[in-house]
Amino acid sequence: MIITRTPFRITLGGGGTDLPSFYEQHGGFVFTMAINKYMFICLNKRSVADKKIVIRYSQVETVDSLSEIKHPLAREALKLHGLNENIELTSIADMPGKAGLGSSGAYLVGLLTAIRAYKNQSASAHTIAEEACHIEMNLLKEPVGKQDQYIAALGGFQVLEIDKGGRVQTRAVPVDFVTANELAAKCRVYYTGVQRSATAILREQDSAAKAGGGADKNAVIETLLAIKEIGARIEHAFLDRDLDAFARLTDEHWQQKRRLAPGVSISSVDELYDVVKKRFGVLGGKIIGAGGGGFLMLYTPHPGRELDEFMAGHDMPRVSYFPSAQGSRVASDLTTFDDFGG
C-alpha cells in the first residue's frame with residue numbers, strides 16, 4: 001500500500017496566464033504557494049483472486065477494465081502507466097473539490113507520485129508535474145494551465161515562468177517563517193459555500209483569448225497582460241517583505257480579473273467585498289482560483305476577529321491555513337513491509 005500527501009495551493013499573482021491560449025503568444029508568469037491542506041491518495045494491490053479495479057472518491061467504481069473508469073484523471077493516469085488490474089485507489093481530501101484550490105492538480109500529482117512509488121520508479125517533481133499537465137491538457141483536452149500541477153509537485157512559494165513553447169522554469173521564492181506567519185494571520189480565507197466548475201470559466205476565457213481578433217480577444221489579452229505585470233510586482237512585494245503592498249496589488253489584480261469572464265465573480269461576493277473594505281480596513285482580496293465561488297481571500301492589517309464574525313454571519317466561515325514547504329510526497333510505503341525483526 002502506498003499513501004501520498006499532496007498540497008493544495010493559493011495563487012498569489014498571475015493566475016490565468018498559464019493557459020496555452022495566452023502563454024503561446026505572450027509567455028506566462030504565475031506566483032503561487034502550497035498550503036497545509038492536502039489530498040491523500042491510497043494505492044493498494046488487491047487480492048490476486050480479484051482482478052477488478054476499485055476507485056473510491058465521492059463515488060465508488062468497481063470495474064473490470066480501465067476503459068470503464070468514469071473518473072477521467074484516474075483512468076488516464078492508470079492507463080498511461082499500465083496498471084490495469086488488481087488495483088484499489090482511494091482519495092481523501094482536506095478541502096472540497098471545485099473550490100479554486102487546485103484539487104484536480106493535487107489529485108493527479110498525488111496519484112502519479114503513488115504510481116511511481118508502486119512501480120519503484122523514481123522521478124523528479126518537474127517530471128511528475130509535466131506528466132500531469134500532459135494528461136489534463138493533451139489527453140483530456142481540459143482548458144487548464146500548468147500552475148496547479150507544478151505547485152502540487154514542488155510545494156513552497158514558487159514562481160512559474162512559461163515560455164511560448166510551454167516550457168516551464170520554476171523559481172523558489174524565499175519567504176521566511178516570520179513573513180509566512182504574518183501572511184497566514186493577515187491574509188484570511190473564507191469559504192463561500194459555492195462550488196463551481198473551473199472548467200466552464202476557464203473555457204470561456206480560453207475561447208475568448210483564441211478568438212480571431214475582435215474586441216473580446218483584445219480585452220482578454222489586455223487584462224491578462226495586466227495580471228501578468230501585477231504578478232511580477234507581487235513577487236517583489238514578497239521579496240521586500242511588504243505584505244500590505246501585496247494586498248493592494250491583490251485588489252488591483254481582482255479588479256482586472258473580474259473583466260475576464262462573466263462567471264469570475266458573483267454579486268453577493270462583490271457586495272461583501274465593498275463592505276469589508278470600508279468597515280474592516282481590508283486592503284485587498286479576491287476569489288481564489290478561476291472564480292465563481294469557492295474560497296474568498298481577504299487581507300486586513302488589523303486584528304481580524306470582527307471580520308471573522310462578520311463573514312461567519314454571512315455563512316462564510318474562516319478556514320485557517322499555513323504555507324507548506326513540501327510538495328507531493330510518499331507519506332507511507334507498506335509495499336515491502338515485513339513484521340519479522342525490528
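Which side chains meet in a salt bridge at 3.1 Å, N to O, with Arg233 as one partner? The partner of Arg233 is Glu229, and this pair is one part of a predicted model that holds 20 salt bridges. The chain averages a pLDDT of 90, and 90% of the residues score at least 70.

**Confidence along the chain**

- Among the elements of the chain, strand β6 (residues 157–162) has the highest mean pLDDT, at 98, whereas helix α7 (residues 198–210) has the lowest, at 64.
- Where pLDDT is low, the predicted coordinates should not be read in detail.

**Salt bridges**

- Arg233 and Glu229 both belong to helix α8, where they sit four residues apart, about one turn of the helix.
- An α-helix has 3.6 residues a turn, so residues three or four places apart point the same way.
- Arg233 counts as partly exposed at 32% relative accessibility, and Glu229 is also partly exposed, with a relative accessible area of 41%.
- Arg75, Glu76 and Lys79 are joined into one network by salt bridges that share partners.
- Another salt bridge brings together the side chains of Arg171 and Glu235, at 2.9 Å from N to O; this pair links distant parts of the chain, since Arg171 lies in strand β7 (residues 168–172) and Glu235 in helix α8 (residues 215–239), 64 residues apart.
- Within that pair, Arg171 is partly exposed with a relative accessible area of 31%, whereas Glu235 is buried with a relative accessible area of 7%.
- The side chains of Lys146 and Glu130 also meet in a salt bridge, at 3.1 Å from N to O; because Lys146 lies in the loop between α4 (125–139) and α5 (147–154) and Glu130 in helix α4, the pair ties together parts that are 16 residues apart in sequence.
- Lys146 counts as buried at 6% relative accessibility, while Glu130, with a relative accessible area of 30%, is partly exposed.

**Helix α9**

- The 15 residues of helix α9 (residues 243–257) should span 21 Å at 1.5 Å a residue, and this agrees with its end C-alpha atoms, which are 20 Å apart.
- Several residues of α9 are buried, including Leu243, Phe246, Leu249, Asp251, Trp254 and Lys257.

**The cavity**

- The structure holds one cavity of 30 Å³ or more, and about 30 Å³ of space lies in the largest cavity.
- The largest cavity is lined by Ile10, Ile35, Lys37, Met95, Leu101, Val189, Val319 and Tyr321, a lining that divides into seven nonpolar residues, no polar ones and one charged residue.

Definitions and conventions:
Residues are numbered from 1 along each chain as its sequence is written. This is a predicted model: local features need pLDDT of at least 70, side-chain atom pairs count only at pLDDT 80 or more; totals for chains, interfaces and linings use all residues. Side-chain values use heavy atoms; hydrogens and water are left out. pLDDT is the predictor's confidence in each residue, from 0 to 100. Helices (H or I, at least four residues) and strands (E, at least two) are DSSP runs, numbered from the N terminus. The expected span of a helix is 1.5 Å times one less than its number of residues. Buried means under 20% relative accessible area, exposed over 50%, partly exposed in between (1.4 Å probe, protein chains only). On a 1 Å grid over the protein atoms alone, a cavity is a set of points where a 1.4 Å probe fits but cannot get out, and a pocket is an open set with protein on both sides within 12 Å along at least five of seven lines; lining residues have an atom within 4 Å of a point. Grid points are joined across faces, edges and corners, and a volume is the space filled by probe spheres set on the points. Ala, Val, Leu, Ile, Met, Phe, Trp, Tyr, Cys and Pro count as nonpolar, Asp, Glu, Lys and Arg as charged, and the others, Gly among them, as polar. A salt bridge is a side-chain nitrogen of Lys or Arg within 4 Å of a carboxyl oxygen of Asp or Glu.
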